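Biologist: I would like a close look at a single part of this structure. Please take one helix and describe its surroundings.

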Amino acid sequence: MTPRRDSRRGGAPVGHVADLDAVGAGAVLYLRLWFDGPEAQARVRHDFAGHLGRDHGRAALETLDHLCTLCTRHCRRPLMRRQAGCRCLGGDEACFAQVVGSASEGAREDALMLAMTLVRADMAPGLVALAEEFGLALKRMALASMRPPPCAKGVTLH
């Protein structure tokens, strides 16, 4: 008897997006949007350019594109995602968020171990390298959104 392979298993809810930090939540959101098609990808492009500037935004967009392409071509099974606005966090999405978060914090061995649950073992190092780059871009975006607006010249606040 062979075990049944349920490809929807990775979509089972394991938590909530709100429980993730900024990098993890951003990774899940942009993963979802990227696979939603051209209109959603335009939103991603706009977000990246708005928070990172034109050149760094374009670089982050290319990294996300390479990351999603690698996942599409070399995943061990289809990567399950929820809709962009869903508050639930699927198992595959949680793993993706952890890969991005761990890689961006320099925990490459942890990221590599998790990446191997998503993609073939020979592709995992490439996934981790892209995840690190993407996670660092998400960190810069989070920092940029926390900056206070610039004050007018010559105005003193007490």
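Modeller: What follows looks at helix α1, then at a loop residue that touches it, and last at a pair of helices. The model is a predicted one. Helix α1 covers residues 22-34. Its 13 residues, at 1.5 Å a residue, should span 18 Å, and the C-alpha atoms at its ends are 18 Å apart, so the expected and modelled spans agree. Is this helix mostly covered or mostly open? It is mostly covered, with 10 of its 13 residues buried. Those buried residues are V23, G24, G26, A27, V28, Y30, L31, R32, L33 and W34. Among the elements that cover them are α2 (38-52), α3, β2, α4 (91-104) and α6.

One of the residues of α1, R32, is also in contact with R82. R82 sits in the loop between α3 and β2 (88-90). Its relative accessibility is 25%, and because buried means under 20% and exposed over 50%, R82 counts as partly exposed. Beyond its neighbours within four places in sequence, R82 also touches G11, P13, C88, L89, G90 and E93. R82 and L33 lie 49 residues apart in sequence, while their C-alpha atoms are 10.0 Å apart in space.

Two of the covering elements, α3 and α6, also meet each other. The axes of α3 (residues 54-74) and α6 (residues 124-146) come within 9 Å and cross at roughly 145°, and this crossing is left-handed. On the α3 side the contact is made by A60, T63, L64, H66, L67, L70 and C71, and on the α6 side by G126, L127, L130, A131, E133, F134 and A137. By class, this contact has 10 nonpolar, three polar and one charged residues.

Technical notes: Residues numbered from 1 in each chain as written. Predicted model: local features only at pLDDT ≥ 70, side-chain atom pairs only at ≥ 80, totals over all residues. Heavy atoms only, no water. Axes fitted to C-alpha atoms, helices over the stretch in contact; angles between N-to-C directions. Helix = DSSP H or I, 4+ residues; strand = E, 2+ residues; numbered from the N terminus. Left-handed = near helix turned anticlockwise from the far one by under 90°. Contact = heavy atoms within 4.5 Å. Nonpolar A, V, L, I, M, F, W, Y, C, P; charged D, E, K, R; others polar. Buried < 20%, exposed > 50% of the residue type's maximum accessible area, 1.4 Å probe, protein only. Expected span 1.5 Å × (residues − 1).
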